[in-house]
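Subject: the structure I promised

Hi,

Here is the structure I said I would pass on. Have a look at it first, and then read my notes underneath.

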Amino acid sequence: MLTLLALALADAPPPVVNGYETTNYPEAGLILLRDRSGNVFGYCTATAVHARSLLTAAHCLDGDVTAIGSVQVTFERDYAEARRGDWTEATAWALHPDFDATTLTDDLAVIHFDEDLAAPVMQLAQAAPSERDVGQNFRLVGYGLTSGDAETDPVRRAADVPMSDFTDNWLWLLDKRDHRNACFGDSGGPVLRVYDDGSYAQASVTSWITTCDDGGTASTRLDNALAFLADEGIPYTLYGDAPPSYPAADEDLDPEDDDPYVDTYGLGGDDEASCGHAGGVGGWLATIAAVSVGGRRRWALRAARCTGR
């Protein structure tokens, strides 16, 4: 199994194999993971499923959380055109409680923000896949590579790929004729049902591939995972529904209000001297706190004033 987690190890920013560049699907954004020094070390695609929440793949955020200094998103079509003001920094994120890093089942995560995102909200498909869908095109959208051997900056691309099969967890895509497929960097991006009138809704989240150029894509079904979004307090929009308003209070995103702490990690170091390093900008030391919210583990970015500053 070749997972799209390799994008988090790339040296350069990693679009869809044999797809096309597109200004459509503005709900899809590019997320960057930055280390304590501000350097980018990971890339994924994500989707705005609420004014202040993204949906992506859990494996994009799994691993050594102490390495993460910040998680940022832009909805610019082209990474190279994104300016400083086009990036929004997350305040918290959570992985699906049943995510398995070995099998990649339940490969879903949500990322929370304390301000509205510069993107419309993606509607989610209610329909479960069926035998009638086998052979029908679904649309991949992502910022990943155009080939397993390519080195390209992230640009939003799309490709229509036939559904080949499905299980309780997976929606499988395979294009034997034109070899359209996902690749590194498309992880976490939306797989769309496209309807006769041109409207669309997200059916699944890109999870892993066999190979970029001649392989297929496994994506995590959403029709079986809506409870995860509800448990995260996200009032998602189903296809045909009017977008709801954001809840008035979101205290559960603040680790100060939750008990107990699971652990807390200083992003600038573990002692007062580290306050002058990358994590402690302007006398503030960023930390990641793992907190229990309703029995779930959630990672939240915090800031604490350094002693003596």
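Let me start with the disulfide. The torsion about the S-S bond of C44 and C60 is about -90 degrees, so this disulfide is left-handed. As for where its two ends sit, C44 belongs to strand β4, while C60 is in the loop between β5 and β6 (70–74), so the pair ties together parts that are 16 residues apart in sequence. The S to S distance is 2.0 Å, and both C44 and C60 are buried. The structure holds one disulfide, so you won't have to hunt for others. Do keep in mind that this is a predicted model, and that goes for everything below.

**Around R52**

R52 is in the loop between β4 (40–50) and β5 (53–56). With a relative accessibility of 23%, R52 counts as partly exposed. Its side chain makes a polar contact of 2.9 Å with the side chain of D116. There is also a C-alpha separation you may want to look at: R52 and A90 are 38 residues apart along the chain, and their C-alpha atoms are separated by 9.2 Å.

**Salt bridges**

Side chains of opposite charge can pair when their charged atoms come close. How many salt bridges are there here? The count comes to five, and I'll go through some of them.

R77 pairs with E81, and the closest N and O atoms are 4.0 Å apart. The cut-off is 4 Å, so have that in mind when you look at this pair. R77 is partly exposed at a relative accessible area of 22%, and E81 is partly exposed as well, at 45%.

Next come D160 and R139, with their closest N and O atoms 2.5 Å apart. D160 lies in strand β11 and R139 in strand β10, so this salt bridge ties together parts that are 21 residues apart in sequence. D160 is partly exposed, at 21% relative accessibility, whereas R139 is buried, at 15%. The line between buried and partly exposed is drawn at 20%, which is why the two get separate labels.

The side chains of D223 and R221 also meet in a salt bridge, at 2.6 Å from N to O. D223 is buried, with a relative accessible area of 17%.

**More on R221**

Where does R221 sit? You'll find it in strand β15, which covers residues 217–221. R221 is buried, at 8% relative accessibility. Besides the salt bridge with D223, the side chain of R221 reaches the backbone oxygen of T167 at 2.7 Å. Leaving out residues up to four places away in sequence, R221 touches a list of residues that includes A128, P129, F166, D168, N169, W170, A203 and S204.

**Strands β10, β11 and β12**

The D160 and R139 salt bridge sits on strands β11 and β10, so here is how those strands pair up. Strand β10 (residues 137–142) and strand β11 (residues 157–166) run antiparallel and are joined by six bridges. One of the bridge partnerships puts L140 opposite A159 in β11. On to strand β12 (residues 170–173): β11 pairs with it in the antiparallel sense too, over three bridges. M163 has L173 in β12 as its bridge partner. A hairpin of three residues takes the chain from β11 to β12.

**Aromatic rings**

Which residues do ring pairs link into a cluster? They are W170, W172 and W208. In total the structure holds six aromatic pairs. One of them is Y195 with Y239, which is stacked, at 4.2 Å centre to centre and 20 degrees between the planes. Y195 is in the loop between β13 (190–194) and β14 (200–209), and Y239 is in the loop between α1 (226–231) and β16 (261–266), so the pair ties together parts that are 44 residues apart in sequence. Y195 is partly exposed at 26% relative accessibility, and Y239 is partly exposed with a relative accessible area of 26%.

That's what I have. Over to you!

Cheers

How values were computed: Residues are numbered from 1 along each chain as its sequence is written. This is a predicted model: local features need pLDDT of at least 70, side-chain atom pairs count only at pLDDT 80 or more; totals for chains, interfaces and linings use all residues. Side-chain values use heavy atoms; hydrogens and water are left out. Rings of Phe, Tyr and Trp (its six-membered ring) pair if their centres lie within 6.5 Å; planes under 30 degrees apart count as stacked, over 60 as edge-to-face and the rest as tilted. Helices (H or I, at least four residues) and strands (E, at least two) are DSSP runs, numbered from the N terminus. Buried means under 20% relative accessible area, exposed over 50%, partly exposed in between (1.4 Å probe, protein chains only). A polar contact is a pair of N or O atoms within 3.5 Å; within protein, one must be able to donate a hydrogen and the other to accept it, and residues adjacent in sequence count only if both atoms are side-chain atoms. Contact means heavy atoms within 4.5 Å. Two strands pair if DSSP finds at least two bridges between them. A disulfide is a pair of cysteine sulfur atoms within 2.5 Å.
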